[in-house]
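Trainee: Could you take me through one part of this model in detail? I'd like to hear about the aromatic rings and whatever sits around them.

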Amino acid sequence: MQRRKTFWALAVAGTLAMSGMAACGGDDNNDSGSSGGGGGSKPKVAVLLPDSKSSVRWETVDRPLLQKALEDGGVEATITNAEGDKSTQQQQAEQAITNGAKVILLVNLDSGSGAAIAANAKSQGVKVIDYDRLTLDTDANDYYVSFDNEKVGKLQGEGLVNCLGDKKGARIAELNGSPTDNNATLFKNGYDSVLKPKYASGDFVKVDDQSVPDWDNQKALTIFEQMLQKSSNKIDGVLAANDGLGNAAISALKQRKLPQIPVTGQDATLEGLQNIVNGDQCMTVYKAIEKEADAAAGLAIALAKGEKPSVDTVPIDNGTHKVPSVLETPVSVTKDNISQYFGNPDYPKKADICAGKVAANCSKLGL
């Protein structure tokens, strides 16, 4: 009888344990845009993505590249997306720490909320890597991995100058990124270094200069329509901070049946590259996200395993301390070199770029 009682006690305990495991699995699946790997004995890394609105890259490129790199490195990766909600991202960070994450790889929605997440992580012994966006005014970020973002802006400014050629007195509109994104500030620093001397000399005339809240393309469309209205459609070139904002400007021009003008971009998205092939956009900036993801994953893997990362870094001042940083190099893409990066895993496929109505223009470019 005693053995029978013991057997049933063990059976009930096992059932409860299995129920607990199932409940934990259900909680993970309820995270906004989450994905994760198995293996409970592996050290855990949590990736916090910002949204799907500011760029298509987060879900289509960064998520799969980070997932693969982290899991190949022998850690358990959980990736969530806050979809632009700071409270959601805070909750995702807290849940990751509760679930045992050793490292958080953070793309902040702004520096204030990012600093709060980093401070909470630090207080619990969790390492924080700023991914793509630097969190300002905190000492709780351990590393920063991104691109040389002032160089990105400089390439945009130089691209617009090259696209306009010798047009004297060209009237320029600037569509900047979100005012809460430090990267947008760095991009603007870069293209201002090129455009300000042009404005000062009278070669160019600045018609308007506005930031787009949250990188929202619909807001960018409204803002650029207002720019066109105020300037009586007299805009000769657009410095758009990424492909989404550039496409918003292109859409407004088409709605008014205005001729094509040089428009810049960034991210080498499928839409942006198709706009270049069609002549609606004059350039974009390609950032080899695979290199960025691999660098961030390498740091996260080492830190999660309690190892010291063996990587060359440069110090970047975030206002509180100098953050050890890995900065990758961006490149300019125009119709002349658009085919150079075909085959890269973070670059749109030729078949997708040249699909449908774009095929004829691809043929004209020899693609």
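Mentor: Here is a walk through the ring pairs, then the charges over rings, and then a small sheet.

Keep in mind that this is a predicted model. A pair of aromatic rings is described by the distance of the centres and the angle of the planes. The count here comes to 5 aromatic pairs. Take Phe187 and Trp215: their ring centres are 6.2 Å apart and the planes make 70°, an edge-to-face pair. This pair links distant parts of the chain, 28 residues apart. Phe187 belongs to helix 6 (residues 182-201), while Trp215 is in the loop between strand 8 (204-211) and helix 7 (217-230). Are these two buried or exposed? Phe187 has a relative accessible area of 3%, so it counts as buried. Trp215 is at 6%, and because the cut-off for buried is under 20%, it is buried too.

Now look at Tyr286 and Tyr341. Their centres lie 4.9 Å apart with the planes at 50°, so this pair is tilted. Tyr286 sits in strand 10 (residues 284-286), and Tyr341 sits in the loop between strand 13 (331-333) and helix 11 (350-353), so the pair ties together parts 55 residues apart in sequence. Both Tyr286 and Tyr341 are buried. They also belong to one aromatic cluster, together with Phe342 and Tyr347.

Some rings have a charged partner. Arg57 lies over the face of Trp58, 4.3 Å from the ring centre. Over the ring of Phe204 you'll find the charged end of Lys198, at 5.7 Å from the centre.

Phe204 takes us to the sheet, since strand 8 covers residues 204-211. Strands of a sheet pair through backbone hydrogen bonds, either parallel or antiparallel. In this case we have an open sheet of 3 strands in the order 8-7-9, with parallel pairing. Strand 8 and strand 9 (237-240) are the edges, each pairing on one side only. From one strand to the next, the twist averages 20°. Strand 7 (residues 170-176) is joined to strand 9 by 4 bridges, and the two run parallel. If you want a spot to zoom in on, Glu174 stands opposite Leu239 of strand 9. Finally, helix 5 (residues 149-164) packs on this sheet and touches strand 7, strand 8 and strand 9. The direction of helix 5 makes about 165° with that of strand 9.

Methods:
Residues numbered from 1 in each chain as written. Predicted model: local features only at pLDDT ≥ 70, side-chain atom pairs only at ≥ 80, totals over all residues. Heavy atoms only, no water. Phe/Tyr/Trp six-rings, centres within 6.5 Å; stacked < 30°, edge-to-face > 60°. Buried < 20%, exposed > 50% of the residue type's maximum accessible area, 1.4 Å probe, protein only. Lys NZ or Arg CZ within 6 Å of the ring centre and 35° of its normal. Pairing = 2+ DSSP bridges. Axes fitted to C-alpha atoms, helices over the stretch in contact; angles between N-to-C directions. Contact = heavy atoms within 4.5 Å.
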